[in-house]
Amino acid sequence: MIKRTCLAGLVAFATALPTTALANNFNYNFLELRTGVSPESFGGEFSTFFTENTHLVARIDSRMEGDWDAAGGIGFNGPINAFADIYGQFLAHHLRGNGDENHNTDVVMELNVGSRLWLTNQLEVHGRIGRTEEHSIIIAGVRFHSTQQMSLNAEARNAGVWGPQFSMGVRFQF
């Protein structure tokens, strides 16, 4: 009797699940180069899949004054629906200040979560919120996918180090 009840419950559970499986809507294998203003900065980011729903992340930004914000860690990603993904990252930052900041160094941890959404077949909007030990992180922008391998983006960002910035970048997907 218990076997029949378990079997009936399993069949009912399986029929209640959606019949379509969702895969990631966005590619998390990329190399991105960006420049920011106010303060001026230059940076890059690399991401590659570790598994289908996790990716490794490494990035570095600098104001080109002997300083940097280097971060690395692991991220997660998964579909919300057919047009949107949710993602997040857990990163360790190595910060070094410029000459005015006596080249002080620090290591801080970051946790963030965000979403990416297709508006059209070539236009994406994205946003991310997070926190380091002392600062909030808010990044929002738009990305134009001109080809499957290249996209251009514009962002309003506060990455928790230099305050609010506007940035533009190019992303190469592989």
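**Exercise 1. Describe the fold of the chain by its elements.**

Solution. The chain has one helix and 10 strands. Helices (H or I, at least four residues) and strands (E, at least two) are DSSP runs, numbered from the N terminus. Read from the N terminus, the order is α-β-β-β-β-β-β-β-β-β-β.

The model is predicted: local features need pLDDT of at least 70, side-chain atom pairs count only at pLDDT 80 or more, and totals for chains, interfaces and linings use all residues. Residues are numbered from 1 along each chain as its sequence is written, and side-chain values use heavy atoms, with hydrogens and water left out.

**Exercise 2. State the burial, contacts and surface of the chain.**

Solution. Start with burial. Of 174 residues, 37% are buried, meaning under 20% relative accessible area with a 1.4 Å probe, protein chains only. Next, contacts (heavy atoms within 4.5 Å). Among those with a separation of 6 or more, 40% join residues 24 or more positions apart. Last, the surface. The accessible area is about 10,000 Å², by the Shrake-Rupley method with a 1.4 Å probe. Carbon and sulfur atoms hold 67% of that surface.

**Exercise 3. Trace the pairing from β2 through β3 to β4.**

Solution. Strands pair if DSSP finds at least two bridges between them.

- Step 1. β2 (residues 41-51) and β3 (residues 54-62) run antiparallel, joined by nine bridges. They form a hairpin with two residues between the strands.
- Step 2. β3 also pairs with β4 (residues 68-79), again antiparallel. Eight bridges join these two. Five residues lie between the strands of this hairpin, where M64 takes a positive phi near 60°.
- Step 3. Follow one residue across. L56 in β3 is the bridge partner of T48. L56 also has a bridge partner in β4, namely I74.

**Exercise 4. Characterise the largest pocket.**

Solution. First the term. On a 1 Å grid over the protein atoms alone, a pocket is an open set of points with protein on both sides within 12 Å along at least five of seven lines; lining residues have an atom within 4 Å of a point. Volume is the space filled by probe spheres set on the points, which are joined across faces, edges and corners.

The largest pocket has a volume of about 360 Å³. Its lining has 17 residues, with L95, E101, D106, H135 and V161 nearest the centre. β5 (84-96) and β6 (105-118) each supply at least two lining residues. β5 gives the most, with three. By class, five are nonpolar, six polar and six charged. Ala, Val, Leu, Ile, Met, Phe, Trp, Tyr, Cys and Pro count as nonpolar, Asp, Glu, Lys and Arg as charged, and the others, Gly among them, as polar.

**Exercise 5. Which residues lie nearest the centre of the largest cavity, and what classes make up its lining?**

Solution. A cavity is a set of grid points where a 1.4 Å probe fits but cannot get out. The structure holds two cavities of 30 Å³ or more.

- Volume: the largest cavity has about 160 Å³.
- Lining: 17 residues, with F30, E45, Y87, R128 and R171 nearest the centre.
- Elements: β1 (30-37), β2, β5, β7 (123-131), β8 (136-145) and β9 (150-158) give two or more residues each. β1 gives the most, with three.
- Classes: four nonpolar, four polar and nine charged residues.

**Exercise 6. Do the same for the second largest cavity.**

Solution. The second largest cavity has a volume of about 110 Å³. Of its 15 lining residues, D61, R157, A159, W162 and Q165 are closest to the centre. β1, β2 and β10 (165-173) give two or more residues each. The lining has four nonpolar, seven polar and four charged residues.

Technical notes
Buried means under 20% relative accessible area, exposed over 50%, partly exposed in between (1.4 Å probe, protein chains only).
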